[in-house]
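Let's walk through this one together, starting with the broad picture and ending with a few single residues. Keep the viewer open as you read.

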Amino acid sequence: MAPHDLEGVLTLYQEVFGHAYAERFEARFSWAHGDNLYPDDSPKWVVADGDRIVGFLAAMPLPYTIAGRRVIAHTTCDYMVHPDFRFHGIKLMKQFFSECENCVTCDDIEATKKVTEWLGARTVTPMVTYLKVLNGRALAASARLAGLPEIVYASGTALLKLADKALMAGSAGIHVENVGDFDSSFDEFSDRTAKNIPATVTRDRDFLRWRYGERSPHSSREIAVATSPDGSMQGYAITYMSSEKRPTGYVLDLQAERGPHEIRATRSLLAHAARTLRARGAVTMKYHAVDAPDSTTESHMKRMGFLARNRTNRVLMVKFSDPALQEIAEQPRNWNYRYGDAEVSHSLA
Amino acid sequence: MEVKTLIKGHILNEIIQNGDLQIADDTPLIDEGYLTSLQAVELVMFLEDQFEVEIDPIEVDEENFRDLTSITQLIEGKLA
């Protein structure tokens with residue numbers, strides 16, 4: 001893709017999705033592909049019919065730590081084809097897999113997932129969703145969710161706050177506070193925690209500052225840090241208020257160091273997230289992630305008042321050129337992978 | 001059953017999902033919008049399974065999948 005093709009890409013996007021979405025797309029495209037951590041390793045391709053761009057694929061590079069090794073893997077972050085030229089999506093995907101050594105992707109579009117798998121990526125696992133009701137009466141005005149006891153719909157924020165206190169108890173000794181930015185402690189935390197996780201996005205300061213920085217789609221995020229009595233960082237959570245029809249808070253990332261403080265740190269961070277999101281008017285709070293053998297397993301989340309929803313159609317898929325890395329990456333239990341890591345989260349408004 | 005007949009049947013009944021549609025051997029399947037990338041992949045999976053052949057992704061292009069004739073030729077070439 002040449003620089004002058006960008007106009008054609010934007011025109012195509014607008015033609016298919018409309019003007020309002022196209023404006024947001026332009027800003028997000030610039031952040032994801034021009035302003036990322038490896039701008040010289042951000043390949044993009046277009047399919048043209050004469051002078052007209054009818055399809056494009058922009059691959060986004062991200063850092064991963066797999067079995068202690070830092071590697072770059074690309075995701076098919078922005079990929080679309082005009083409805084009249086849908087066969088040609090294959091051309092773009094073939095180009096992606098021929099030029100990008102490693103691929104980690106989390107997509108929810110069936111056609112894309114099928115083509116990705118056909119070209120050699122392996123399906124690891126779908127993401128799971130946990131939901132917590134922050135304001136039952138407000139929820140009752142708009143929806144009835146399967147599996148939710150009726151009493152929840154009659155409960156205003158005061159009653160649910162009280163319930164949360166009991167559910168999320170057991171976090172003594174952990175202090176949580178909001179911070180404005182990602183400092184060097186996030187680098188140290190990332191180094192420490194990656195040692196105990198076979199497969200993860202490398203969430204060091206550089207990554208976090210880009211992913212949740214001023215130009216990102218989620219620049220209005222809040223960062224909460226949990227520390228133990230000796231001041232050592234035990235975890236963090238990044239939350240975001242969505243401007244959806246029903247105000248919804250998202251926990252885009254949640255990390256707690258595996259060890260003696262892990263469960264308390266997770267409880268504290270989620271309790272803090274519930275308080276702050278509720279105060280901002282969120283009716284529900286959502287957390288999507290690949291299931292991991294850590295403090296966010298279903299049993300832990302349920303004990304903290306989260307309802308486990310069905311497995312989502314967002315599926316983690318991987319293809320690493322090194323067979324040793326591929327073997328590790330194909331195992332769901334090896335991953336620490338959260339919603340904010342996935343390209344599918346970028347379009348959350 | 002003849003290779004072309006099997007392929008045509010699958011395209012009409014499973015890909016296009018309209019058994020009453022009339023397509024000629026040279027109906028341009030891609031240009032007419034009958035074959036999207038997803039459907040092409042699904043067709044490839046059917047062809048590999050049905051005829052016990054391997055189709056490399058590099059062979060999945062506008063030339064080999066242009067119409068019923070070209071798809072049939074691709075498969076018959078592998079069976080020969």
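A good place to start is the inside of chain A: buried residues account for 56% of its 349 residues. Before going further, keep in mind that this is a predicted model. The predictor gives it an ipTM of 0.85 and a pTM of 0.91.

Now for the build of chain A. Twelve helices and 15 strands turn up along this chain. Its radius of gyration is 21 Å, close to the 20 Å that the globule rule gives for 349 residues, so chain A is as compact as a globular protein of that length. If you line the chain up along its principal axes, the C-alpha atoms fill a box of roughly 65 × 45 × 35 Å.

How do the distant parts of the sequence meet? Take the contacts in chain A between residues at least 6 apart in sequence: 71% of them join residues at least 24 apart. On the outside, chain A has an accessible surface of about 14,700 Å², and carbon and sulfur atoms own 50% of that. As for charge, chain A carries 42 positive and 43 negative charges, and the mean positions of the two sets sit 9 Å apart.

How far does the predictor trust this chain? Mean pLDDT for chain A is 92, with 100% of its residues at 70 or more. If you colour the elements of chain A by confidence, look for helix 6 (residues 150-153) of chain A, which has the lowest mean pLDDT at 78. At the other end of the scale is helix 12 (residues 323-329) of chain A, whose mean of 98 is the highest among the elements of that chain.

For a single residue in chain A, try T276(A). You'll find it in helix 10 (residues 262-279) of chain A. Is T276(A) buried or exposed? Its relative accessibility is 19%, and since buried means under 20%, T276(A) counts as buried. Another residue to pick out alongside it is E222(A): the two are 54 residues apart along the chain, yet their C-alpha atoms are separated by 9.2 Å.

Over to chain B. What is it made of? This chain has three helices and zero strands, and along the sequence the pattern reads α-α-α. With a radius of gyration of 11 Å, close to the 12 Å that the globule rule gives for 80 residues, chain B is as compact as a globular protein of that length. Its C-alpha atoms fill a box of roughly 30 × 25 × 20 Å along the principal axes.

Buried residues make up 41% of the 80 residues in chain B. Of the contacts in chain B between residues at least 6 apart in sequence, 57% link residues at least 24 apart. The accessible surface of chain B is about 4,400 Å², with 41% of it belonging to carbon and sulfur atoms. Now check the charges: chain B has 4 positive and 19 negative ones, and their mean positions are 6 Å apart.

Confidence in chain B averages a pLDDT of 93, and 100% of its residues reach 70 or more. Within this chain, helix 2 (residues 37-51) of chain B has the lowest mean, 93, while helix 3 of chain B has the highest, 96.

Next, look at the loops of chain B, where two backbone angles deserve a click. Q17(B) sits in the loop between helix 1 (3-15) and helix 2 of chain B. Although Q17(B) is not a glycine, its phi is positive, at about 60°. With a relative accessible area of 62%, Q17(B) is exposed. In the loop between helix 2 and helix 3 of chain B you'll meet E52(B), another residue other than glycine with a positive phi, near 55°. E52(B) counts as exposed too, at 73% relative accessibility.

Finish at L79(B), which belongs to helix 3 (residues 68-79) of chain B. What does L79(B) touch, leaving aside its neighbours within four places in sequence? Its contacts are V3(B), F51(B) and V53(B). Even so, L79(B) is partly exposed, with a relative accessible area of 44%. For a sense of span, go from L79(B) to Q22(B): they are 57 residues apart in sequence, and 27 Å separates them in space, C-alpha to C-alpha.

Key. Residues are numbered from 1 along each chain as its sequence is written. Chains are lettered from A and ligands numbered from 1 in the order in which they are written. This is a predicted model: local features need pLDDT of at least 70, side-chain atom pairs count only at pLDDT 80 or more; totals for chains, interfaces and linings use all residues. Side-chain values use heavy atoms; hydrogens and water are left out. Helices (H or I, at least four residues) and strands (E, at least two) are DSSP runs, numbered from the N terminus. The radius of gyration is taken over C-alpha atoms; the globule rule is 2.2 Å times the number of residues to the power 0.38. Buried means under 20% relative accessible area, exposed over 50%, partly exposed in between (1.4 Å probe, protein chains only). Contact means heavy atoms within 4.5 Å. Accessible areas come from the Shrake-Rupley method with a 1.4 Å probe; for residues, only the protein chains shown count as cover. Lys and Arg count as positive and Asp and Glu as negative; His and the chain ends are not counted. The place of a charge is taken as NZ of Lys, CZ of Arg, CG of Asp or CD of Glu. pLDDT is the predictor's confidence in each residue, from 0 to 100.
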